[in-house]
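User: Could you take a close look at one part of this model for me, the way one domain is built and meets its neighbour? I'd enjoy a connected walk through it, with the surroundings added where they help.

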Amino acid sequence: MTPAIQLAGVSRLFGAVRALDDVSLSIAPGEFFALLGPSGSGKTTCLRLIAGFDRPTQGKVLLDGEDVTDIPPFDRSVNTVFQDYALFPHMSVAENVAYGPRVRGVAAPERHRRALEVLELVRLRALADRAPSQLSGGQKQRVALARALINEPKVLLLDEPLGALDLRLREEMQLELKAIQQKIGITFVYVTHDQSEALSMADRVAVFCDGRVEQLDSPRDLYMRPRTAFVARFVGSANVIEGELAQRITGEPRPFAIRPEAIEVLAMTEPPPAGALSCEGVLEDIHYHGATSRWHVRTNTGAVLSAVRPESAPVDGAPVHGSRVRLAWSRDSLVPLAER
Amino acid sequence: MPQPASRTFASFLYGRRGFYLSLLLLPPLLWLGTVYLGSLFALLVQSFYAIDEFTARIVPKLTLATYRQLVSHPANVDIILRTLAMAVAVTLTAAVIAFPIANYMARYATPRMKAFFYVGVMLPMWTSYLVKVYAWRLVLAKQGILFWFVDQLGLAPVLDTALATPVIGGPSLASSYLGMFIVFVYMWLPFMILPLTAAFERVPVSLLQASADLGARPRQTFRNVVLPLALPGLAAGSVFTFSLTLGDYIIPSVVGAPGYFIGMMVYQQQGTAGNLPLAAAFSVVPIILIAIYLSLAKRLGAFDAL
C-alpha cells in the first residue's frame, strides 16, 4: 500500500541550526500519527514541510506516492488545523467553513449547504452565523476542524490543536477528535508536546529530539520499551539510571530505565523481596497527585529516583519524609537503553 | 499610627475610581473641548453668518446666505470639484504605492531593514514643509532635474505627451496639475504607509497560511483575506491623504496650474477678501466630504475587521 505521507531523508536548516536532521518516516493511509517532542525538537517544522508552508533543505516529501516537495500548499490535498485556529475574523463561522469550497469555485448555496453539514459533524450547526470572536476556545477549535474537513483532504495536519484549552475540555476534545478520525477514516498527523495526549490518541508516535526521530513506535511499545534515555524520560517520566549507580545495581555500566510505578519503597527494616534489585536512599520529597503520590528518593550516589505509590496503600508504618528507605524492583522491569 | 499624607490621599483616591479618573482626564478633555471642538464649533457658527455687502461687516445672525453664495457661484463649485478630484487621485495613487511597501515592511523586512524603511518613510517629514514644496518647484521646472533625467532616459516625448494632455497638462510640470499631483502624493505618502503598515502587522501570518492551506491561490488570498483585513488601515491612511489634500493651500499656490483650490479660497477669503463667513463655509466643505467618505467606507465594511 502506498503510504499517505512519506518523508525521505528530509533536513531543514535555518542558518547553521538543523531544525530537522535527515528524517525519514512513512505514514499509512487512515493512520492516527503523532509527532511528539519538546518545543524546538523539529516536530512543527516537520508538519510545516508536509503542509507546504516551508521547503526542506534536503530530501523529499511524498503525498500518496507523489513528490510534492516543490508544490505550494494550495495545490496539496492536505489541510491544517492551526494552533491559534487562524479563523478569518471578518467572516462568519459558516463562511469560514465554506472558504475551501469558495476558493475552488463552488457556488454559494451549495457551499453553504456543505458547510452546515460539516458543522453538524462537529456539533456547531446552531452557531453558523456567529462571528469567530463570539466563540469559546473549544468552539473555535471545532470550527477550525470543520473548515479543514470540508475539503475532504487525504491528510489532516493538527498543530497542537488542543494546546490552548483547559484540561477538561482537552480530554473531551481528544475523545471527539479520535471519534471523528475513526468515522471519516482520513489520515491524521498530530503534533503535540503532551505525551499523554500522544499515547492516548495515536496509532503510532514519532518522538522527536534535536531534529531527529528518536524512536517511532506504537504508544505501548514507546512506554514499555523506550530505546533511549530521552524517550524513557520524556514519554514515561521514567528513571534513567546510568554510570556508577547502574554498575552498582546491575553489575554492568549499561544505562537502563525503570518506571516509577515499578519501584517499591520499603522501610529499612523490611527486607527486599527475593530476587529483586534494590538500592538505598533518603526520602526527600513527596508529591501528592490524588490517586497516587510520587516519592523522590536521593540515592547514595546523589541521583534522585522517583517512585509512584498508590494512595490506597496502607499508611501505617510507611516511611516518613527525611527517613532512609530501600527501593526495590524486579529484574524484569528493567529496560536496557542504548548508550549515547 | 499616623499615616503619611500621601498615603491617605492615595487611599482616598483608591476608593473613588470615578473621581480619580475624572481628575486625570479633566485637563486633556478641557484642552480638547475648548481648543479643538470649541474652535470647530466657532467655525461652524461663523459659516452660518453672512457679510453685509455694503459695510463689509459680519452680521451675527444665523442665515444660509453664505452657503447659498457658495453653491450658486459656478466658480466655487468648480473649486470644490477640482479639489475633490485632486484629493481622490492623490489618495488612490498613495494607496497603490503604499500597499506593497507597507506589506513588505510589516511582513518580510528583517528588523534592520524595517528600521531603515521606517526612517526612510519618516525622514522627509522631519524637513520643513515649505522647503520641500519649493524644492519640488525647482525639480519640476522646465530646466529642472526631472526633465533632464527623463530626457536622458529618452522618454521626453512621453512627458511632452502628458503635458500636452488637456486639464492635467501645462507648459511644464511645475505649472501643471500633473506636477501638483506629484508633489501631493510625495507629501502625503508617509501618512498612508504608516497606518497601512500597522494594519498589516496586525494580520497574523497563520491567516495567510490557512488561506493557502485551504486551496486559495495567492491572488485569492489577497482578495479574500489580506485586502479586507488591511481595509481599516487603508481607511485611516486615506482619511489623512484625503483631508490633507482637501485642506492644503501652499502646494497649489507654489506648484501647478493657476486654478484655485479650497484651501487657497479659505486663505484668500479670510485674508484679503475679508469674508470670514465664506471662508468658514469653504472650510466646512472638506468636513462634509470626509464625513460622506467615512460613511461610505463604513457601509462598504472597511471597519468590520476592527
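Analyst: Happy to! Let's start at the place where the two domains of chain A meet: five residues of domain 1 of chain A are in contact with five residues of domain 2 of chain A. On the domain 1 side of that contact, the residues are three nonpolar and two charged, with no polar ones. Please keep in mind that this is a predicted model. The domain assignment places domain 1 of chain A at 5–234 and domain 2 at 238–336. Their C-alpha centres are 39 Å apart.

Domain 2 is the part I'd like to look at closely, so here is its five-stranded sheet. This sheet of chain A is open, its strands are ordered β13-β17-β14-β15-β16, and the pairing is antiparallel. At the edges sit β13 (264–267) and β16 (304–310) of chain A, each of which pairs on one side only. On average, neighbouring strands here are turned by 45° against each other, direction ignored.

Inside that order, the pairing of β14 with β17 is worth a closer look. Strand β14 of chain A covers residues 277–288 and strand β17 of chain A covers residues 324–329; six bridges join these two antiparallel strands. If you want a spot to zoom in on, A:C279 stands opposite A:L327 in β17(A). As a general point for reading such a sheet, side chains in a regular strand alternate between the two faces.

There is also a three-stranded sheet to trace. It is open and antiparallel as well, with the order β11-β12-β18 in chain A. Its edge strands are β11 (239–241) and β18 (335–336) of chain A, and each pairs on one side only. Three bridges link β11(A) to strand β12 of chain A, residues 256–258, in the antiparallel sense. Within that pair, A:V240 has A:A257 in β12(A) as its bridge partner.

For the other side of the domain contact, domain 1, two hairpins make good landmarks. Strand β1 (residues 5–14) of chain A runs antiparallel to strand β2 (residues 17–27) of chain A, and seven bridges join them. A:Q6 stands opposite A:S26 in β2(A). Two residues lie between β1(A) and β2(A) in this hairpin, and A:G15 in the turn has a positive phi of about 65°.

Further along the chain you'll find β9 (residues 204–209) and β10 (residues 212–217) of chain A, antiparallel strands joined by five bridges. Here A:A206 has A:L216 in β10(A) as its bridge partner. β9(A) and β10(A) also form a hairpin with two residues between them, and A:D210 in the turn has a positive phi of about 50°.

Chain A touches chain B too, through 19 residues from chain A and 17 residues from chain B. On the chain A side, β6 (78–81) and α3 (99–103) each supply at least two residues. α3(A) gives the largest share, three residues. By class, this side of chain A has eleven nonpolar, five polar and three charged residues.

Finally, a quick look into chain B: the axes of helix α4 (residues 74–108) and helix α9 (residues 177–201) of chain B come within 7 Å and cross at roughly 45°. That angle is why α4(B) counts as oblique to α9(B). The crossing of α4(B) and α9(B) is right-handed, and the residues of their contact divide into 21 nonpolar, three polar and two charged.

How values were computed:
Residues are numbered from 1 along each chain as its sequence is written. Chains are lettered from A and ligands numbered from 1 in the order in which they are written. This is a predicted model: local features need pLDDT of at least 70, side-chain atom pairs count only at pLDDT 80 or more; totals for chains, interfaces and linings use all residues. Domain bounds come from an automatic or database domain assignment. Two residues are in contact if their C-beta atoms, placed from the backbone, lie within 7 Å. Ala, Val, Leu, Ile, Met, Phe, Trp, Tyr, Cys and Pro count as nonpolar, Asp, Glu, Lys and Arg as charged, and the others, Gly among them, as polar. Two strands pair if DSSP finds at least two bridges between them. Helices (H or I, at least four residues) and strands (E, at least two) are DSSP runs, numbered from the N terminus. Axes are lines fitted to C-alpha atoms, for helices over the stretch in contact, and angles run from 0 to 180 degrees between N-to-C directions. Angles under 35 degrees count as roughly parallel, over 145 as roughly antiparallel, 65 to 115 as roughly perpendicular and the rest as oblique. A crossing is left-handed if the near helix is turned anticlockwise from the far one by less than a right angle, and right-handed if clockwise.
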